[in-house]
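Q: I'm new to this one and would like a close look at a single part. Please take me slowly through the strands and what sits around them.

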Amino acid sequence: MTDSTDLARQVRTVSRLTGEFTLRSGRIANEYFDKYQFEADPVLLDQLAERLAVLIPEGTEVLAGLEMGGIAVVTALARHAGLPTAFVRKEAKKYGTARLAEGAEVAGRRVLVVEDVVTSGGQVVISTGELRKLGAHVDHALCVIDRQEGGAQALADAGITLRALLTRADLDAVAS
């Protein structure tokens with residue numbers, strides 16, 4: 001099994017881009033972290049999922065991956081955890097099943113929300129609220145990277161404990 005430092009180094013190597021990038025806030029940055037690069041690497045994604053599996057809280061019955069990046073992570077994680085998976089949309093589709101959560105049933109079950117990267121935690125809080133309206137019992141979220149920009153506190157304020165495999169500090173510590 002790959003150690004945490006090596007894993008952080010691999011994630012940073014494949015995901016860190018340099019150039020000029022406009023961020024969602026409108027701010028211009030010369031460094032960008034492209035999370036889809038580690039999600040698109042099957043070997044690295046599998047290593048991340050293997051390490052994430054040990055962080056799943058006892059009693060979890062369903063893994064719920066959030067659209068879009070959380071879907072790749074939760075699919076890989078389910079292979080290691082042997083748990084059923086739900087795929088959670090940002091909003092219920094207007095056609096077909098018209099469901100917010102596709103796949104495994106969440107009502108009445110202990111659900112772990114899975115995300116790739118947590119920054120502010122906003123989408124996790126929104127999606128958890130929607131899952132709770134569907135009858136899911138959600139009190140934990142799991143992510144590959146906590147960017148340490150207030151997300152853990154925002155989740156805690158909503159009654160959600162965040163567990164992260166890596167943090168921004170871990171990625172910064174392996175900068176070469």
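A: First, the naming: helices (H or I, at least four residues) and strands (E, at least two) are DSSP runs, numbered from the N terminus. Residues count from 1 along each chain as its sequence is written, and side-chain values use heavy atoms, without hydrogens or water. This is a predicted model, where local features need pLDDT of at least 70 and side-chain atom pairs 80 or more, while totals for chains, interfaces and linings use all residues.

Let's start with the sheet. It is open and mixed in its pairing, with six strands ordered β5-β4-β3-β6-β7-β8 (a pair takes at least two DSSP bridges). At the edges stand β5 (101-103) and β8 (161-167); each has a single partner strand, so one side of each has no neighbour in the sheet. Going from one strand to the next, the twist averages 25 degrees (axes are lines fitted to C-alpha atoms, for helices over the stretch in contact, and angles between N-to-C directions run from 0 to 180 degrees).

Now follow the pairs, beginning at the β5 edge. β5 and β4 are antiparallel, and three bridges join them. One of the residues to look for is F87, whose bridge partner in β5 is E102. F87 also turns up in the next pairing, since it stands opposite G65. Here β3 and β4 run parallel, with four bridges between them. To get from β3 to β4 the chain passes through α4, and this β-α-β crossover is right-handed (with the strands pointing away from the viewer, the path from the first strand over the helix to the second runs clockwise).

That helix, α4 (residues 69-81), does more than link two strands in the chain: it lies across β3 (62-66), β4 (85-88), β6 and β7. Its direction is about 155 degrees to that of β3. Just on the way into α4 there's a detail worth finding: the peptide bond from E67 to M68 is cis, with omega near 0 degrees. M68 belongs to the loop between β3 and α4. Further along, in the loop between β4 and β5, sits A98. A98 isn't a glycine, yet its phi is positive, at about 55 degrees. Both details stand out because most residues other than glycine have a negative phi, and most peptide bonds are trans. A98 is partly exposed, with 43% relative accessible area (buried is under 20%, exposed over 50%, partly exposed in between, with a 1.4 Å probe and protein chains only).

On to the other side of the sheet. β6 (residues 110-118) and β7 (residues 137-146) run parallel and are joined by seven bridges. R110 has H137 of β7 as its bridge partner.

Now look at the loops that follow these two strands. T119 is in the loop between β6 and α5 (122-133), and R147 is in the loop between β7 and α6 (151-157). An unreviewed UniProt entry annotates T119 and R147 as "binding site" (positions use the numbering here, feature names are shortened, and annotations may be inferred rather than shown by experiment). The two are spread over 29 residues of sequence, but they cluster in space, with a largest C-alpha distance of 5.2 Å. T119 is partly exposed at 28% relative accessible area, and R147 is partly exposed too, at 27%.

Who do they touch? Counting contact as heavy atoms within 4.5 Å and leaving aside neighbours within four places in sequence, T119 is in contact with R147, E149, G150 and G151. On the same terms, R147 is in contact with V117, V118, T119 and R168.

Q148 shares the loop between β7 and α6. Its phi is near 60 degrees, a positive value in a residue other than glycine. At 44% relative accessibility, Q148 is partly exposed.

Finally, look at T167, a residue of strand β8. T167 counts as buried at 18% relative accessibility. Beyond its neighbours within four places in sequence, T167 is in contact with I145, D146 and Q148. So this walk ends at β8, one of the two edge strands with a single partner.
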